[in-house]
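User: Hey, got a minute to walk through this one with me? I'd like to start with how the chains meet.
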Amino acid sequence: MASVRERLDELVGEFADLDAREKLELLVDFANGLPPLTADYQARKAIEDRRVHECQTPVFLWMESTDGSARLTAEVAPEAPTVKGFVALLAEAINGRPTADVAAISDDVLDRMGLADVLGILRTRGLRAIVARVKRGFAEQAAG
Amino acid sequence: MADYVHPEVLVSTEWVAEHLSDPQVRIVESDEDRALYTQGHIPGAVEIDWAVDLQCQVVRDYIDRSAFDKLCSERGITNDTTVVFYGDKNNWWACYAFWVFKLYGHKDCRIMNGGRKRWELDGRAWSSERVSYPRTQYTAPEQDASIRALRDEVLKHTKAGKQLLDVRSPEEYRGERMHMPDYPNEGAVRGGHIPGARNVPWPMNCHDDGTFKPVRELEKLYIKELGMKRRSPTIAYCRIGERSSLTWFVLTYLLGFGNVKNYDGSWLEWGNAVRVPIAKGAEPGGSTAATPAPAMHA
């Protein structure tokens, strides 16, 4: 099985040669593929502090590890398909792979996807915050 | 909509639905989240993005005239086209794009009342098809400086005690928060408001479905309660100029104020600028007086 980094590189590679419109369409495809929260997570959402406060829109993230295997579970408001698509892409790269691997996600992933040109600088700040939050969450899991 | 001072600038979702294939009309979507347009837009609508299309990438300013001509040409807009703007977030960015089009003197601009939210609530169709139109000829005049305030003008305006509106949330106005609730801090180093500014948060202009409140309620708010005068010069600002575009639209077109400017530099500029005074707290003059800068010569 590919490492988190290798899988992410593959996903980023899918974006590399696309024009702006195609990049947004691919993000929307990822957004549409993010499964809704199960009843269990819906219940936890109400009592746990899982909101990403740096982010423009309601985003709830769970970074969890079982037997050293990572799982990113997320809910993103439908009015923010860009954020939703990006979170779905991270989940695709992370889920089922070693928790300790997540730290290897490079901070320049957004630049390599060429999203700054499509979204502008202000919008990519929220996405950078998500990368940082996800890495920190899994680092705590790996340490704990 | 009939009671507004300039009712012709506001159209309903029904009007838009009836003009989808009208060659005289171009529907333009402007969103906070661009992928919303990609996911589904009003059939035949083109997208204009505030960050990528309207802002210059090498100067912190709007695109220049020739770039504006090119933008319109590529979207099949002529100088005579009726351009109808709509978008997410209660039409913030639609009003922002409308304002930039007015900056370049486009004659016939309109807002679709309620934006994406109202279109969705009305059960109207979305399309994800790519849209393109034959290129047109477009020639914009010089920027209309009468609707845009730059920093030095705002400084003179506030010193003269003229009408100034801060349309951000009360927390941002008081200086307790440097960005909208739940939004990232986009980089202002000080929190507070421009001295003398009254706080009228933008949501007071709108109903929950995104449509504008009736003229009586708007008059009560701005004219009866705040005592603002239609003829007095007015400047509105927010954090990066999008929410204040909405208030600029309301004052100018729905209430008929004669001289309203949007300060697009807004708090992101003012909260970082050297030697400009700020006020903290709930009062326009500030409850903890900031030390004014010594003699400032423009």
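User: How many residues does each chain put into the contact?

Analyst: The contact takes 22 residues from chain A and 14 from chain B, where contact means C-beta atoms, placed from the backbone, within 7 Å. This is a predicted model, in which local features need pLDDT of at least 70, side-chain atom pairs count only at pLDDT 80 or more, and totals for chains, interfaces and linings use all residues. Residues are numbered from 1 along each chain as its sequence is written, with chains lettered from A and ligands numbered from 1 in the order in which they are written.

User: Which helix gives the largest share of chain B's side?

Analyst: H2(B), with 4 residues. Helix H2 (35-39) and helix H3 (50-54) of chain B each supply at least two residues there; helices are DSSP runs of H or I, at least four residues, strands are runs of E, at least two, and both are numbered from the N terminus.

User: Switching to chain A: is Ala31(A) buried or exposed?

Analyst: Buried, because 23 other C-beta atoms lie within 10 Å (20 or more is buried, 12 or fewer exposed, in between partly exposed, with C-beta atoms placed from the backbone). Ala31(A) is part of helix H2 (residues 20-33) of chain A.

User: What does Ala31(A) touch?

Analyst: Leaving out residues up to four places away in sequence, Ala31(A) touches Pro81(A), Lys84(A), Gly85(A), Ala88(A) and, in chain B, Ala35(B). Its C-alpha atom is also 7.4 Å from that of Thr82(A), 51 residues apart along the chain.

User: OK, the sheet in chain B. What's the strand order?

Analyst: E1-E5-E4-E2-E3, an open sheet of 5 strands with parallel pairing; a pair needs at least two DSSP bridges. Strand E1 (10-11) and strand E3 (46-47) of chain B each have a single partner strand, so one side of each lacks a neighbour in the sheet.

User: How many bridges join E1(B) to E5?

Analyst: 2, to strand E5 (residues 109-112) of chain B. Leu10(B) sits opposite Ile111(B) in E5(B).

User: And how do H5(B) and H10(B) cross?

Analyst: The axes of H5(B) and helix H10 (residues 243-254) of chain B come within 7 Å and cross at roughly 70°; axes are lines fitted to C-alpha atoms, for helices over the stretch in contact, with angles from 0 to 180 degrees between N-to-C directions. Among the residues making the contact are Trp92(B) and Trp99(B) of H5(B) and Trp248(B) and Phe249(B) of H10(B).

Definitions and conventions:
Contact = placed C-beta atoms within 7 Å.
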